[in-house]
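Please open the model in your viewer and keep the selection panel at hand, as this tour moves from one selection to the next.

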Amino acid sequence: LLDDAWLSEGAMEFILETFITASDIIGGKAVRKYGHVSEPLPRKADNIVQFTEYLEKGLGHEEKGNDGDAESAYQKALSYARNDSTAGDSIIWYTKAAELGHPKAQNILGYMYQYGERVGKDLSKALEWYTKAASQGNSAAQNNLGYMYQRGEGVGKDPEKALEWYTKAASQGNASAQHNLGTMYERGEGVGKDLIKALEWYKKAADNGNVNGQKSYERLLSQL
């Protein structure tokens, strides 16, 4: 990972380990505290159960207008994922829910394909599902999509697109996207360098409980 405002590889590994061991993750506190700083979703989860509960309790307030079939399929996917004996089949139900337009399921599928969780790794499919969820206003997917465009995963690097999706997510109050957006402005990546805007977004991330937003805010403020 990048330096300075971005987490180092070692720091990210530590935080991801914290994600899956912290007692408050199920309540979503770890999600609000750490967010997805330059990292779409935790890669070190012990199993998909922790991952789905992470999303269910800490993210995804955005789905609206899902019909009963989509929600039923999604709930069945969660139920399967929480049971070790059926977790392998959860992909079937996530896919059904996603195909019926459920944005949380679409975002989860994006993650599963991005990191090869219970399915073959396929970045193009990850991009596809993130895009579907992001287009429905799911802020987690918007942040994840921004990451893929920024890093060129499954698509050519496009900092302008990354900025666009980070902005959408940040405008919905996604603290990780707010920090990522601040970094884009600080570095002049996909947009003209603007330290004042960077500071503003870092402050918003910090106010939303993002630890890295707080650190970046304090660091940049001391330099101005």
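Begin by selecting W93, which in this predicted model is buried, with a relative accessible area of 19%; the call rests on a cut-off of under 20% for buried residues. Then add Y80 to the selection, a residue that is partly exposed at a relative accessible area of 23%. With both side chains shown, place a centroid on each ring: the centres of Y80 and W93 lie 6.3 Å apart and the planes meet at 55°, so this pair is classed as tilted, given that the tilted class takes the angles left between under 30 degrees for stacked and over 60 for edge-to-face. Colouring by helix shows what the pair connects, since Y80 belongs to helix 4 (residues 68-81) and W93 to helix 5 (residues 90-99), so that the pair links distant parts of the chain, 13 residues apart.

Next, select Y111 and Y115. The ring centres of Y111 and Y115 are 5.3 Å apart with the planes at 55°, so this pair too is tilted. Y111 and Y115 both sit in helix 6 (residues 103-115), and because they are four residues apart there, about one helical turn separates them. Which of the two labels, buried or partly exposed, fits Y111? With a relative accessibility of 0%, Y111 counts as buried, whereas Y115 is partly exposed, at a relative accessible area of 22%. These two stops are among the three aromatic pairs that the structure holds.

From the paired rings, turn to rings with a charge above them. Select W201 together with K204, and the charged end of K204 will be found over the ring of W201, at 4.3 Å from its centre. Then select W165 and K168, where K168 lies over the face of W165, 5.7 Å from the ring centre.

Finally, clear the selection and display the whole chain as a cartoon. The secondary structure comes to 12 helices and zero strands, so a walk along the sequence, with helices counted as DSSP runs of at least four residues, meets one α element after another, in the pattern α-α-α-α-α-α-α-α-α-α-α-α. If you switch to a surface view, the chain exposes about 9,600 Å², of which carbon and sulfur atoms supply 47%, while 52% of its 224 residues count as buried. A contact map would complete the picture: among contacts between residues at least 6 apart in sequence, 56% join residues at least 24 apart.

Methods. Residues are numbered from 1 along each chain as its sequence is written. This is a predicted model: local features need pLDDT of at least 70, side-chain atom pairs count only at pLDDT 80 or more; totals for chains, interfaces and linings use all residues. Side-chain values use heavy atoms; hydrogens and water are left out. Helices (H or I, at least four residues) and strands (E, at least two) are DSSP runs, numbered from the N terminus. Buried means under 20% relative accessible area, exposed over 50%, partly exposed in between (1.4 Å probe, protein chains only). Contact means heavy atoms within 4.5 Å. Accessible areas come from the Shrake-Rupley method with a 1.4 Å probe; for residues, only the protein chains shown count as cover. Rings of Phe, Tyr and Trp (its six-membered ring) pair if their centres lie within 6.5 Å; planes under 30 degrees apart count as stacked, over 60 as edge-to-face and the rest as tilted. A charge sits over a ring if NZ of Lys or CZ of Arg is within 6 Å of the ring centre and within 35 degrees of the ring normal.
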